[in-house]
Amino acid sequence: MSMKSRRHLPLMGFGIFLALLMTLVAACTETVEVPGETVIVEKEVIKEVEVPGETVIVEKEVVKTVEVEKVVEVIATAVPEIQDPGFVLSALEANPKRGGIFREAIPVSLNAFDVLQGGGIHIIAPVYNKLVQRNVMDGLRTIVPDLVQTWETTSDAKEFTLNLRQMVTYHDGSPFNADDVIANLNRMIDPPEGVTSAAKDTLVAVDSVDKIDDYTVKFTLNNPTPYFLEILVAGNMVIYSDEELNANNGDLRRIEIPTGTGPFAFDDHAPDERWKLRSNPDYFVPGLPYLDGVDVVHAVTWPERGTAVLTGQADYSFNVSRGTWDEGQKRADISVAETPCLWSHNVAFNNEKPPFDDPRIRKAIHLAVSRQVQIDGYRPVWEPTFVTRWIPVPSPYATGLGQIATMPGYRADKTEDIAEAQRLMAEAGYPDGFDTEIVTWNGAPTAEVATPLFVDMLNKALGINAEIRVIERFTGGEILASGDYELDRGYSFGGSLLDPYLMWNNFFRTGANQNWSRYSNADLDAVLDKLAGELDPIKRQELFNEGMDIMDEDPPVYHIGFCAWSPMWYNYVKGLNLQIRSLGSNTDSWETTWLDK
Amino acid sequence: MGSTPRASPSLQCLTGDTNNAMRTYVIQRLLLAIPTLFGITVLIFVAMRVLPGDPLKTIYFEGGGARILSEEEYLEARKNLGLDRPLYIQYADWMIDVFRGDMGRSFWHQKPIRETIQRRGTITVEYALLAVILSWVVGLPVGLIAAVWRNSWVDYVVRFFVTLFMAIPSFWLGLTVILITVLVWSWRPPLGIVHLWDNPVQNMQIILGPAIVIGVAMGAILARMARATLLEVFREDYVRTARSKGLAERLVVVRHALRNAILPVLTISGLQLAALLGGSVAVERAFSVPGLGFALVKGIQERDWVIVQNVVLLYGVVFVFINLAIDLAYGFLDPRIRYG
């Protein structure tokens, strides 16, 4: 009997467990301050390279006096570039220790091995290199060489000549040269039959890629593209072997796994379970990587990732649940951060379906539905989100968060906004609201928290009754593409660039290939036309401001804001500069990572 | 059909006639399994293809965002993967793979399905068997005690806990256990798969959680079933006769009553095992155990037709054989039952 009693002890403790559970949930609802400092740091760096940030007006006159030739010296770009032929990537800390296995907890499912076709770059990024990369040494604030040694550009930003590193080899021993770059870029721009290029949309400006010699390539662009190097830092811009591409007709989806030049080589993997990468002893950066290898454990959900770190099964995860993040924050041996990311939370309007074809209706919703209430509501079970306008937080062109917090529609106090929204509804012929339908994914955070919250506010503020249609995530793309929706909570816009031109051009231009809200605004199209050829950063800022004003008046979607990630790691993880990062990343190469233990 | 149980007064089990009858019965059952399994293959093959949602249509990026393919891109992607071929050719290809024992490769990650089933099925079989054993170890004695001391305080306490454990969802129990171990001891079972022969301690850490929470729930059902059937058997004439001739109560219960009461318990337990071998997805998710059930659900979500088809077919085979095994076990447990 005593054994049996012992067996039932856990049951008697359920009350206590429940209390603990409730405490954890309560802890999750604490308000987390927006990391404004991160944004400020970003602006400071931009000023160093003469790209105006928030103080545009003050500096405007000064910049106007710069001669055209001056612009050639400092090409305008959203992200500053470091072009030092002697630049060598390394850990910032002195005397980094060598050896050890770095353990990361992330989802390790991948749909293909070809990153251009949806392959999980978040898992296999360390196997590859890109031409250029964001600089891990300064918290991803600048662009630095990767497979490229140096680059030259013309004053009109229409030609970029890249000088490639020599003596770089793939893990299979084959040498890297200009042919690899040409083959990869051509595949991205004009994929062979049956190959889908996720990078195609961002490379529309590229007219041709030409080989000058074995270690020099020239990009000729059809439009001035001051942010061109930033395009090349995107996760899927990895350089595969020309030989391997040719051997597989340009389709690497089923090749386990294509060779790369990266700091770590593929060792082993078990689907939905783990990946093992071992260090590349022939890596072209002297002294790197510091680690012996990387073990990636499968942690699908954010709580799993968080508990993996909290229980010492992983050293790091790039995005953990709020509850585990809070637990980590309390621990002396663990650090946490909140880093902005470049995708957004929205509810798409089908701009072609009445009454959402009426800008007054869309603006009424933009004004009346509180972003703050939604974010606070879903943050405990989903992810933090900044209240932003149409540009992600880390972009130098973004409106400051402080200013946004006072703007109609974005501000927390809804009294005036709801009154104006109701006036617009009445003007549009819907003083008492209307019935509609909202599509939402079947994931609990979306279907059970975020969408009901939105629907509730829509109803209370404007009398709009939205029936929720829950769909499976995999059908989401088809529904958006077919237009079989009125409102859609699964929609997201974003990209990999801090310069928002391409993002807007792909998602909001009339007839654009990712314009799933079917938005059309001639004024915004005109702004985009001007942006396509504009080099002057001041004028670009003005045009982006104009574009944002247009979308505030005539919203293409109900935009809640751009998201943030919640990384968590042990203090002994060094070389990543996670605390000072201006931008979230899930495609780190771990080449400068080392373990202080 | 010749499958009707036939009473025999004899305790003789394995005579030549009985063996032949048993063999005929087994062959008949196996032959009947063929159309059943064929039906399963057709059903799952068609079902996966008529489900709305094609993963090729959209490329999702981890961490956010998606790129929806144009119609031309989508059709090319399908063609490239051989999905534009007639369905009967795709079905025939699959059947050829199955008969080769190959089962093909995952649509997405290209790992052989056979390897996935071996690797992940092992862990599922482990916790399923352990759960069944646990359910017997806990459920049968508890049911027995409740039946012997029926309507006493012991019976009330047992019934309370049995009802409680039947009512509590196993996945909730699993989540609670994980939450406590993480928050109180900063410990959780290892993520991933560690096989028994690689590291027995870690293997046990992985499978014990699911085995216990499922085993307790199954044990509760068994206890209830055992109590009910025992109470019924206690009222039988042969039990009364055993008592009246002065047999010790322990022998009456164990030798006469329990042996006859165990058949329905065995049936329930066999079906539970078959269901568990299919994987308890919710519990696997709660404990982050990458078992076969989770592989199936993920395959369905990602429309990985190859893995779904093969795992469902495997479940069909498992169900057929476990049902057959239960039927055959009747013959050994109850001398009155023979097949002919």
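**Helix α15 and a four-stranded sheet in chain A**

On the other side of α15(A) from its buried residues, A:Thr415, A:Glu416 and A:Ala419 are exposed. The model is predicted. This briefing treats helix α15(A) and then an open sheet of four strands in chain A.

**Helix α15**

- The helix covers residues 415-427 of chain A, and its 13 residues should span 18 Å at 1.5 Å a residue; the end C-alpha atoms are 19 Å apart, which agrees.
- Its buried residues are A:Asp417, A:Ala421, A:Leu424 and A:Met425.
- These buried residues cover an arc of only 100° around the axis, so they lie on the same side of α15(A).
- The packing partners of the buried residues of α15(A) are α12 (359-368) and α16 (444-462) of chain A.
- Just after α15(A), a positive phi of about 95° is found at A:Gly429.

**The open sheet**

- The strand order is β4-β5-β7-β6 (chain A), with antiparallel pairing.
- At the edges are β4 (148-153) and β6 (206-213) of chain A, each of which pairs on one side only.
- Direction ignored, neighbouring strands of this sheet are turned by 20° against each other on average.
- Strands β5 (residues 159-164) and β7 (residues 216-221) of chain A run antiparallel and are joined by five bridges.
- A:Asn163 has A:Thr216 in β7(A) as its bridge partner.

**Packing on the sheet**

- Helix α7 (residues 178-189) of chain A packs on the sheet and touches β5, β6 and β7 of chain A.
- The direction of α7 makes about 170° with that of β6(A).

Key
Residues numbered from 1 in each chain as written. Chains lettered and ligands numbered in written order. Predicted model: local features only at pLDDT ≥ 70, side-chain atom pairs only at ≥ 80, totals over all residues. Helix = DSSP H or I, 4+ residues; strand = E, 2+ residues; numbered from the N terminus. Expected span 1.5 Å × (residues − 1). Buried ≥ 20, exposed ≤ 12 C-beta atoms within 10 Å, placed from the backbone. Arc of directions from axis to C-beta. Contact = placed C-beta atoms within 7 Å. Pairing = 2+ DSSP bridges. Axes fitted to C-alpha atoms, helices over the stretch in contact; angles between N-to-C directions.
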